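Thanks, everyone. Let's get the model up on the screen, and then I'll walk you through a few spots in it.

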Amino acid sequence: MCGIVGYLGARDPKEVILKGLKTLEYRGYDSSGVSILNKGKFKRVRAQGKLSQLCEKLQNEDFDGHLGIGHTRWATHGKPSERNAHPHQLNHVNIVHNGIIENYAEIKEKLIKNGSQFESETDSELVAHLIEREMNFNASLLNATINIIPGLRGAYSVLAVSEKTPDQCVAFKNGPPLLIGLGEDEIIVASDIQAIISYTKKIIYLEDDEIALISPGKVEIYNFKGQRIEKSPVTVNWDASQIEKQGYPHYMLKEIFEQPRAVAQAIDPHIDLSTRKINLSGVGFNVDNFEGPEALDLKNDLLNTNEILQTIERVFIVACGTSYYAGMLGEYLIERAAEVPVEIDLASEFRYRYPVIPKNSLLIVVSQSGETADTLAALRQAKKQGALTLSICNVPRSSIDREAHGHLYMNAGVEIGVASTKAFVSSLALMNILSLSLAKAKGLLNEDLEKKCVDEIVAAPSLMEGVLAYDKFFAQAADDLKKKRGFLYLGRGVSYPIALEGALKLKELAYMHAEGYASGEMKHGPLALIDETMAIIVLCPKDELYEKTISNLEEAKARGGMIISIGTGDDERLKSISDHYLSLPETAWYVNPLLEVIPLQLLAYYVAKSLGNDVDQPRNLAKSVTVE
Ligand code: F6R
């Protein structure tokens, strides 16, 4: 949602904070601000709009202090405006906040009754009021924080500073992430590793219910009761160059082109090239503190992943947005390969629909960020109900990754474009690995078939490289496509989730009407939409549903829509009913979705670019949705 950066150290805090906020702008971008010490007082500068507005305002501002906090906002409570931008300030106290204080209305009412005056419409400002009040009663910054936390409800991460303690910063969290980087003569706190990695790789991941007291060269961690906790930093292996555009005009295009590598990295730990075998090594199901002993027949000695998979009788897959579509592919693959029934759910629905989770269930959550609030809540709900859980995340040690029993990693590298691309294909590849591993555990994958599947999956990255050449086609076609009134994306079977994903990409980037449909559903309503102002993007691989998709397409063609078809090899028949035919190389049906999605991403990218939209940071969206 929002991005937070705090700095205490020898460099110019303005430089470090702005550079950090730039890397976090994907988290929210309707306003931003900083508070930095200058002559013993916090000077606050805020701006509505993109971070560049703040940078402009700060151009001629100098600060002589070495402590500062900054924030980039994605509005939840209170419209985007300078008044609602963070930091919030009350006298000597300044705070930045990410998340939601659920009981803000009742706290605010009490404070107003006691004479407080609020400057903003946000839920965040009251944190500054509460800390200031405690400090007026002589509490230290740390004790003030410990005292106010029991009164806060919701998901939040906060940085607080006070002029009374000009060499201290307090960070605390219950929900959205906060990381603390320990450099030589400096400490950087941020919502995401991107803001820290160019200074240090030594990181402390703050957990929920933890407070960090940051002072020169030192970080002390306490729990919410004020008891000291010993915690050592970990060394991360991400590289600062991963978060640069490297010559591409946008992160999104760079990330589309990185997809072959992302898939190779996702499958690498799970494929033995010499034996051509699949494994789920590294999943590391930790069932020591498994909360559903009644629900799953796990004995103490049954810790081998393969044996655990044998016990699984039902699979639930839960995610949001693009990750949900990756999960949908998982449903098709797992049911077909492993013959285990699968239920797929949107996390925001799952958590409130009182799901019945039978004995021996595995719940898989898919999340690029590992921080999506609904997905995290669904994971917790399923754990409570006794499911064994497995996360598929891109960000190691994210909340979802930490809380699941077992872990798979997308290994896509940092994804900065708000619209997810490379994390999606990595997830699709992992769905292949997972379905085959389950099939193997169930005795449904013989050695020859396993080898054949491995060969097909391993070949995917180089086939994907070839498909990227459609870049040029869409760069040219975009000017015509952007004039269309709407887009229908059609697919069947494993191409159906890809059609949905294609439509989502166009909606979020081009702000145009786009819908994904299972082609067989056309005659049940959506056919009425089609006329010559519509573009129909059809996924029609040469698979067992080919004939059926062709007849669905004929129906659309007869109503005058412009047809772009994406098929297999030299398909004259498909070509003859299409305005544009894009050929994909032949591959297995389960690998084909990895290829099909690339032209759809390129289409969305180039149409959005041609419309002059902000491709990397589409309006109203945030990369990491840490609130409901
Ligand atoms: C769309 C997109 C979103 C995310 C969704 C879930 O391009 O990026 O739909 O997929 O918000 O996010 P994660 O995967 O981080 O849980």
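I'll go through the ligand, then some aromatic rings, then one helix, then two single residues. Keep in mind that this is a predicted model.

Ligand first. There are 13 residues around the ligand. The closest are Ser-323, Ser-367, Ser-369, Thr-372 and Glu-508. Which side-chain atoms come up to the ligand's oxygen atoms? Take Glu-508: an N or O atom of its side chain is 2.5 Å from a ligand oxygen. For Ser-323, the corresponding distance is 2.6 Å. Lys-505 also has a polar side-chain atom 2.9 Å from an oxygen of the ligand.

Next, the rings. How many aromatic pairs does the structure hold? Eight. I'll show you two.

Tyr-156 and Phe-172 make an edge-to-face pair. Their centres are 5.9 Å apart, with 70 degrees between the planes. Tyr-156 is in strand E7, residues 154–162, and Phe-172 is in strand E8, residues 169–174, so the pair ties together parts that are 16 residues apart in sequence. Are these two rings buried or exposed? Tyr-156 has 2% relative accessibility, so it counts as buried. Phe-172 is at 0%, so it counts as buried too.

The other pair is Phe-316 with Phe-350. The ring centres are 6.3 Å apart and the planes are at 65 degrees, so this pair is edge-to-face. Phe-316 belongs to strand E18, residues 314–319, and Phe-350 to helix H10, residues 347–350, so here the parts tied together are 34 residues apart in sequence. Both Phe-316 and Phe-350 are buried.

Rings also sit under charges here. Arg-619 lies over the face of Tyr-511, 3.9 Å from the ring centre. The charged end of Lys-542 is over the ring of Tyr-546, at 5.9 Å from its centre.

Now the helix. H11 runs over residues 373–384, twelve residues. Does its length come out as expected or not? At 1.5 Å a residue it should span 16 Å, and the end C-alpha atoms are 17 Å apart, so the two agree.

H11 is mostly covered, with nine of its twelve residues buried. Among them are Ala-373, Asp-374, Leu-376, Leu-379 and Lys-383. What covers the buried residues of H11? The cover includes E18 and H10, which we just met in the Phe pair. It also includes strand E20 (361–367), strand E21 (388–393) and helix H12 (399–403). After H11 comes Gly-386, with a positive phi near 95 degrees.

Last stop: two residues, one in a helix and one after it.

Gln-601 is in helix H19, residues 592–610. Its relative accessibility is 0%, so Gln-601 counts as buried. What does Gln-601 touch, leaving aside neighbours within four places in sequence? Met-252, Ile-256, Gln-259 and Thr-421.

Asp-616 is in the segment after H19. With a relative accessible area of 8%, Asp-616 is buried. Its side chain reaches the backbone nitrogen of Met-252 at 2.8 Å. Again leaving aside neighbours within four places, Asp-616 is in contact with Lys-245, His-250, Tyr-251, Met-252, Gly-417 and Val-418. So look for Met-252 on screen: it is in contact with Gln-601 and with Asp-616.

That's my tour. Over to you.

Notes. Residues numbered from 1 in each chain as written. Predicted model: local features only at pLDDT ≥ 70, side-chain atom pairs only at ≥ 80, totals over all residues. Heavy atoms only, no water. Phe/Tyr/Trp six-rings, centres within 6.5 Å; stacked < 30°, edge-to-face > 60°. Helix = DSSP H or I, 4+ residues; strand = E, 2+ residues; numbered from the N terminus. Buried < 20%, exposed > 50% of the residue type's maximum accessible area, 1.4 Å probe, protein only. Lys NZ or Arg CZ within 6 Å of the ring centre and 35° of its normal. Expected span 1.5 Å × (residues − 1). Contact = heavy atoms within 4.5 Å. Near = heavy atom within 4 Å. Polar contact = N/O pair within 3.5 Å; in protein donor to acceptor, adjacent residues only side chain to side chain.
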